[in-house]
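Biologist: I'd love a close look at a single part of this model, with its surroundings, rather than a tour of everything. Could you take your time over it?

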Amino acid sequence: MSEQTIQLELDDSGLAPGLPVPSNPRDQVQDVPYRPVEFRDDDLPSALERCATWLRSAQEWLGEPLDVLAIHLDYDEREGAPYYDVKVLCNEEDLAGVPIALRNQKK
């Protein structure tokens, strides 16, 4: 059995450059572990809709279902902060584009 090296193109955050970014400036892909992707809003359905839209576009980019480890809902009661904080905890290899690199390597 031989080990193969996979070459990944990653940005400074360890993410693949082609990974779709959440569309709202309040939302973000956070650091490890589990690479939380955060969606913040005063309106929970809006945050969840943006989360679902991002998941669909990320899965389309990845070419397979994104490995989501957990979904976390929290609240932020600080003045001026969006109240709802939805975090989707994603497999960092998926966000780095490892499945894409593996498929490209097989070609």
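What follows is my request and one connected answer.
Please look at strand 2 (residues 36-41). How many bridges join strand 2 to strand 4, and is Asp41 buried or exposed?

Modeller: Gladly! A word on the ground rules before we start. This is a predicted model, so local features need pLDDT of at least 70 and side-chain atom pairs count only at pLDDT 80 or more, while totals for chains, interfaces and linings use all residues. Residues are numbered from 1 along each chain as its sequence is written, and side-chain values use heavy atoms, with hydrogens and water left out.

Let's begin with the sheet. Strand 2 and strand 4 (84-90) run antiparallel and are joined by 6 bridges; two strands pair if DSSP finds at least two bridges between them. Helices (H or I, at least four residues) and strands (E, at least two) are DSSP runs, numbered from the N terminus. Within this pairing, Glu38 sits opposite Lys87 of strand 4. Strand 4 also pairs with strand 3 (residues 68-75), again in the antiparallel sense, over 7 bridges. There, Leu73 has Val86 of strand 4 as its bridge partner. Strand 4 is largely enclosed by the rest of the structure, because 5 of its 7 residues are buried (under 20% relative accessible area; exposed is over 50% and partly exposed in between, with a 1.4 Å probe and protein chains only).

Now for the nonpolar side of the story. The largest nonpolar core has 17 residues, where a core is a set of buried Ala, Val, Leu, Ile, Met, Phe, Trp, Tyr and Cys residues joined through side-chain atoms within 4.5 Å. Val37 and Phe39 are among the residues that touch the most other members, along with Trp54, Leu66, Cys90 and Leu95. Strand 2, helix 1 and strand 4 each give two or more residues to this core, and helix 1 supplies the largest share, 6 residues. Setting aside residues up to four places away in sequence, Val37 touches Pro22, Gln28, Val29, Trp54, Val86, Lys87, Val88, Cys90 and Leu95 (contact means heavy atoms within 4.5 Å).

Phe39 brings us to the rings. The structure holds 4 aromatic pairs: rings of Phe, Tyr and Trp (its six-membered ring) pair if their centres lie within 6.5 Å, and planes under 30 degrees apart count as stacked, over 60 as edge-to-face and the rest as tilted. Phe39 and Trp54 make a tilted pair, because their ring centres are 6.2 Å apart and their planes stand at 55 degrees. This pair links distant parts of the chain, with Phe39 in strand 2 and Trp54 in helix 1, 15 residues apart. Both Phe39 and Trp54 are buried. Another pair, Tyr83 with Tyr84, is edge-to-face, at 5.0 Å centre to centre and 80 degrees between the planes. Ring pairs join Tyr75 to Tyr83 and Tyr84 in a cluster.

Those two tyrosines return when we reach Asp41 in strand 2. Leaving aside neighbours within four places in sequence, Asp41 is in contact with Arg26, Ser46, Ala47, Arg50, Pro82, Tyr83 and Tyr84. And to your second question: Asp41 is buried, with a relative accessible area of 13%, whereas Tyr83 counts as partly exposed at 31% relative accessibility. The Asp41 side chain makes a polar contact with the side chain of Arg50 at 2.7 Å (N or O atoms within 3.5 Å; within protein, one must be able to donate a hydrogen and the other to accept it, and residues adjacent in sequence count only if both atoms are side-chain atoms). A polar atom of the Asp41 side chain also lies 2.9 Å from the backbone nitrogen of Asp43.

That leaves the salt bridges, each a side-chain nitrogen of Lys or Arg within 4 Å of a carboxyl oxygen of Asp or Glu; by this rule there are 6. Asp41 and Arg26 form one at 4.0 Å, N to O, linking strand 2 to the segment before strand 1 (28-29) across 15 residues. Arg26 is partly exposed, with a relative accessible area of 39%. Salt bridges link Arg26, Asp27, Asp41 and Arg50 in a network.

Next door, Arg40 meets Asp76 in a salt bridge of 3.1 Å, N to O. Arg40 lies in strand 2 and Asp76 in the loop between strand 3 and strand 4, so this pair ties together parts that are 36 residues apart in sequence. Both Arg40 and Asp76 are buried. Asp76 also forms a salt bridge with Arg78, at 2.4 Å, N to O, and Arg78 counts as exposed at 56% relative accessibility.
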